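Visitor: I would like to go through this structure and ask what stands behind each term. Please show it first.

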Amino acid sequence: MQGHTPFDLTARTLSGCGLSAMMSRRGHSVNGEAIIRSIGLLRERGNGLGGGFAVYGCYPHYAEEFAFHLMYYTPRAQEETERYLDEHFELVHEEHIPTRPVEGVDPSTAPALRRYFLHPKPLKLAESMLPTAEDYVLRAVMEINVRLDGAYVFSSGKNMGAFKAVGSADQVGRFYRLEEYQGYIWIAHDRFPTNTPGWWGGAHPFTLLDFAVVHNGEISSYGINKRYLEQFGYQCTLRTDTEVMAYLLDLLLRRHQLPVDVACTVMAAPFWRDIDALAERDPEKAELYRALRMVYAGALVNGPFAIVFGHRRGMVGLNDRIKLRPLVAAEKDDWVLLSSEESGILEMCPDPDRIWAPRGGEPTIVELDADVFPAVPSAVTRADFGPLAPQETTR
Amino acid sequence: MSTSYIPPEFRWTNDTETCCRCKRCIKQCGWGALRWEHRVVADQQACVGCHRCEVFCPESCITVLPNPTFYRPNANWTLRHRKNVYRQAESGGVLLTGMGADQDFPVLFDSLFLDACQVTNPSIDPLREPMELRTYLGRKPEQVEVAVAADGRVSLKTPLAPNYQLAFPIIFSPMSYGSISLTAQKSLAMAAEALGILWNTGEGGLHEQVKPYAHCAVVQCASGRFGVNVEYLHAGAAVEIKIGQGAKPGIGGHLPGEKVTADVSTTRMIPLGSDAISPAPQHDIYSIEDLRQLIFALKEAVDYQKPVGVKIAAVHNVAAIASGIVRAGADYVYLDGVRGGTGAAPSVIRDNLGIPIELAIAAVDQRLREEGIRNQASLIAAGSIRSSADMAKAIALGADAVAIGTAALLSLGCTLCQKCYTGRCSWGITTQDPELTRRIDPVWGAERVANLVHAWAAELEEMLGAMGVNAVESLRGSRERLRAVGLDDRTLAILGVKPAGVGA
Amino acid sequence: MTTTEQVEADQQAGVVIDAAGLHYRDLNRRVRELVAAGETALTLRNVRGQRYIGDGLTGKDVRITIHGVPGGDLAAFMDGPTLEVFGNGQDAACNTMNDGRVIIHGHAGDALGYGMRGGSLFVRGDAGYRVGIHMKAYKTQIPAVVIGGCVGDFFGEYMAGGMLVVLGLDRKPGQRLVGGYLASGIHGGEIFLRATPDALPRAPYLSSEPVSADGLKALTPRLRAFADAFRLDADELLAGPFTRLTPISHRPFAAKYAPA
């Protein structure tokens with residue numbers, strides 16, 4: 001299928017990992033220095049075979065264009081992809097993605113890296129009969145990734161970008177010169193693949209439109225999550241758990257228009273026992289949870305996971321429902337910080353106001369303040385299933 | 001019998017040294033194979049090898065063995081073929097049999113192996129951690145819409161179609177009062193109630209004694225329409241249209257007049273001693289649009305308050321048929337594979353028509369997914385689910401739940417002697433003779449059946465835990481958790497399963 | 001029509017529903033709601049193809065008048081009410097009906113009275129294929145289907161009980177009273193055909209004889225009701241001649257099977 005990609009993409013990559021993230025509720029931007037240092041501290045959690053970042057707010061000059069980041073493994077892949085992009089999009093700007101040589105990122109394994117700032121061609125969009133430009137972009141990403149050998153779109157959102165490579169995450173950050181970018185959300189990931197092919201595209205984050213996901217753990221329900229998503233036209237081409245996460249989020253949040261907290265309830269569903277108990281106190285709400293589990297059974301993410309996903313309006317940290325993977329959260333002024341380890345947080349912010357460990361299945365939802373970005377209220381919390389008692393330490 | 005060229009199938013022997021001459025064996029034999037002539041004497045031809053006498057002999061002095069008669073071996077003209085020819089030469093009849101196919105059919109379940117977690121993802125200990133087997137049968141919307149109030153409170157906007165909540169992904173398969181005894185049926189009904197699962201009336205109406213358990217019964221509407229009226233439809237938890245049965249696809253069923261006792265006649269609402277004929281097909285269904293008409297006739301009759309499902313035999317074109325059934329409005333599709341059981345079927349039909357359930361469930365689940373309508377109906381897999389492993393594999397291939405018939409009857413004492421159609425079952429299961437039916441005390445029977453289901457559920461939890469998931473929906477349709485040994489590529493493709501040795 | 005007659009007619013009509021353009025689900029829901037609220041007289045106007053009218057409806061005193069052509073499964077699973085159709089009927093009327101009366105003033109389609117267990121179906125005109133299949137009787141519940149005109153093939157197939165009657169009124173030249181494969185698989189019930197035995201097909205599983213005094217006694221109340229429903233002369237109908245068909249055996253397939 002992927003004749004020119006020098007790796008077997010039919011083998012699913014299993015991995016353990018570390019992750020860190022930070023976001024300003026006020027939309028204040030910082031450069032990548034802090035996040036690179038934080039993920040660098042967690043290097044023991046990875047094995048030097050994959051690292052990556054997502055940053056939101058990094059392309060203010062092209063904020064309304066879809067920013068495509070592409071990896072090309074052959075010149076022909078680039079030719080074909082650019083022909084495809086020409087046919088389907090209006091190109092506003094294109095350039096090489098700037099890099100610098102660093103130790104740990106092997107240039108011999110590197111694909112050509114380019115980025116394009118695009119609009120769908122209005123006539124093509126109309127002809128496609130797709131409801132939105134986002135659906136059109138989604139289809140284009142799928143087509144390039146599935147059909148065009150040796151080409152891979154690894155970022156396609158607006159005013160955000162993903163940067164990833166084989167190497168340790170901090171080395172990857174330096175390779176992409178991320179201390180030169182500014183963003184209000186930074187998400188980083190260091191990877192421990194267990195059967196790595198050394199494929200750059202296999203590193204995290206995985207992105208789709210504005211969604212970027214980093215993930216620690218292996219999804220034990222991958223088989224059914226993948227088949228569930230296929231019903232909605234998602235093709236899991238990369239055979240990684242994390243790709244599944246990205247598509248689930250796209251389905252639940254963008255296509256089914258579920259509020260973020262409700263989508264989290266789908267992926268890390270409360271137990272029936274707790275829903276039954278809730279039914280006595282709040283039957284209406286229990287009915288909602290029951291319906292979500294019945295309808296979205298195929299979207300329940302089972303097995304160990306800690307994820308951080310970003311979207312234009314904010315970021316969310318989420319654990320599996322029995323907390324098999326670690327996640328620590330902290331607050332400092334308008335900043336919220338997440339990391340696999342407390343040390344990772346302290347590297348970004350040595351004196352947080354509050355630091356706590358979210359409960360299993362309880363999302364940590366961070367959104368831009370309403371005056372910065374209009375937000376919908378959120379209401380579903382783990383408080384529905386007992387007293388909210390995070391292990392909290394005040395510093 | 002003196003004209004029969006067929007030697008007895010079994011050899012009944014009794015150790016006269018230890019025999020206490022209690023004659024219990026004679027009483028226990030429903031087939032009249034034993035009589036008293038100063039000692040117990042057997043009519044070897046009449047013995048069906050059901051082992052009732054053997055189990056109930058207080059001195060354990062009875063042995064029932066296959067008759068060691070030796071015929072010249074012939075791999076082509078097996079003894080089975082020769083015997084059938086003799087029987088048909090004697091009777092001129094279509095040969096009847098009972099229970100599921102006994103031939104050496106390939107069982108694909110036995111070529112499939114489940115996954116387990118090691119290091120990269122953890123197994124979950126079902127002894128300590130929650131394990132969820134709850135399953136809902138019925139139609140689900142494609143997505144949920146929620147309303148967010150000004151105060152942030154989220155509520156459900158999408159109305160849900162009626163679904164039945166099962167505590168375990170197991171239900172009992174349809175077995176009518178008539179084909180089985182009331183005591184056997186009541187055992188299943190009581191077990192279903194205690195377990196929080198469903199039993200199924202089959203096409204035999206609802207007897208007064210099992211009406212208290214109608215709230216957890218699937219009430220069947222088959223071609224004979226026996227016992228079907230508004231009260232019956234309203235009484236059940238779900239309504240099922242029976243199109244076919246795995247053991248006898250495409251043909252109907254006859255309950256012979258001699259099994260239509262006064263009580264059976266009341267329940268079926270037909271005259272005493274008259275044949276109860278369930279013809280094939282249903283005469284108001286000659287095409288898929290007619291099925292839609294009947295589905296909605298039933299939904300109208302129950303005012304859309306209960307799921308309406310359709311049971312079919314797994315046949316060659318099962319995927320397209322199931323898709324049509326879902327589009328016709330069925331809330332669940334019950335697939336019955338070629339190895340499924342029956343109370344009576346022509347053996348030529350049972351042993352030659354239909355396809356195995358493994359392939360059917362895989363093909364149907366995949367087809368419904370490709371068409372984007374998998375959410376619209378639940379899938380029930382049946383047709384010889386012999387163990388919790390078969391159940392787990394059927395669920396991994398795509399079933400929401402499995403239905404068990406033979407396994408449930410085995411738990412009541414059945415030994416698979418295959419003589420259900422005679423109405424003489426010594427175990428009191430497939431008979432209407434009050435002397436025999438009272439051998440099953442429903443309280444005792446329900447406990448044994450419930451034990452079986454609890455045991456399978458516990459085993460399923462163990463398997464889920466080993467696979468690192470704590471809800472059965474994470475196994476449902478997850479063919480990634482199956483690997484196959486010794487299957488050809490085409491079969492693997494249909495099953496959607498990789499060969500063992502291939503990793504993730 | 002005088003004012004008094006109009007008032008009387010309106011009173012008889014009861015609640016009037018204009019069914020034009022209504023989906024069957026909405027129409028039947030309204031019917032169910034009205035009946036649940038205690039209405040006993042309903043008139044449905046402009047009915048065109050709406051299925052399941054009277055489906056699963058109960059109540060002996062409920063009377064629904066239907067103007068137009070109701071769709072399939074009219075009175076399916078019905079238990080008690082009376083439906084009168086001023087128009088033609090479609091397929092599968094009185095499917096598995098338990099009790100009640102259905103009167104159709106025109107002709108009707110295939111598979112009428114399938115698995116019917118009680119009550120009566122009167123069709124003034126002709127009926128289609130597979131009428132009266134697998135009807136059954138139990139104790140006092142004896143279903144009856146009376147067809148004023150002629151019927152198609154497979155009439156009374158698998159009949160297990162009840163009464164089937166074909167009158168052959170307004171028969172056109174060359175039109176057969178009943179079609180082929182008459183009552184195959186019959187194992188209960190009785191069929192009355194308004195013809196002499198020699199004018200009818202014979203079958204080895206059927207006993208066919210001129211109607212006896214007893215037979216006529218069973219037939220008479222049904223025919224009087226039929227005549228009453230359509231304002232026909234009952235005595236003229238009863239003058240016959242009638243042939244009564246009954247099954248030779250109530251176990252027609254007993255000899256077909258042998259133990260394996």
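Guide: A run assigned by DSSP counts as a helix if it has at least four residues and as a strand if it has at least two. On that basis chain B has 15 helices and 23 strands. Note that this is a predicted model.

Visitor: How do you know whether the radius of gyration of chain B agrees with that of a compact globule?

Guide: The globule rule is 2.2 Å times the number of residues to the power 0.38. For 504 residues this gives a value near 23 Å, and chain B has 24 Å, so the two agree. The C-alpha atoms of chain B fill a box of roughly 90 × 55 × 45 Å along the principal axes.

Visitor: What makes a residue of chain B count as buried, and what percentage of the 504 do?

Guide: A buried residue has 20 or more other C-beta atoms within 10 Å of its own. In chain B, 57% of the 504 residues count as buried.

Visitor: Why is the largest set of nonpolar residues called a core?

Guide: A nonpolar core consists of buried residues of certain nonpolar types, joined through C-beta atoms within 7 Å. The largest such core here has 360 residues, and B:Leu198, B:Val333, B:Leu335, B:Ile380 and B:Val402 have the most contacts inside it. Helix H14 of chain B, residues 442-466, gives the most to this core, namely ten residues. Both domain 1 (10-93) and domain 2 (163-455) of chain B give residues to it, so the core lies between them. In soluble globular proteins, nonpolar side chains tend to be buried together.

Visitor: Which residues does B:Val402 touch?

Guide: Leaving out residues up to four places away in sequence, B:Val402 touches B:Pro169, B:Ile170, B:Ile380, B:Ala381, B:Ala382, B:Ile385, B:Met391 and B:Ala394.

Visitor: How do you know that domain 1 and domain 2 of chain B are in contact?

Guide: Two residues are in contact if their C-beta atoms lie within 7 Å. Nine residues of domain 1 of chain B are in contact with nine residues of domain 2 of chain B. On the domain 1 side, four of these residues are nonpolar, four are polar and one is charged. The C-alpha centres of the two domains lie 32 Å apart.

Visitor: What makes up the side of chain B that touches chain A?

Guide: In all, 41 residues of chain B are in contact with 39 residues of chain A. Strands E8 (146-148) and E9 (154-156) of chain B each supply at least two residues of that side. The largest share, three residues, comes from E9(B). By type, the residues on the chain B side are 15 nonpolar, 14 polar and twelve charged.

Methods. Residues are numbered from 1 along each chain as its sequence is written. Chains are lettered from A and ligands numbered from 1 in the order in which they are written. This is a predicted model: local features need pLDDT of at least 70, side-chain atom pairs count only at pLDDT 80 or more; totals for chains, interfaces and linings use all residues. Ala, Val, Leu, Ile, Met, Phe, Trp, Tyr, Cys and Pro count as nonpolar, Asp, Glu, Lys and Arg as charged, and the others, Gly among them, as polar. A residue is buried if 20 or more other C-beta atoms lie within 10 Å of its own, exposed if 12 or fewer, and partly exposed in between; C-beta atoms are placed from the backbone. Domain bounds come from an automatic or database domain assignment.
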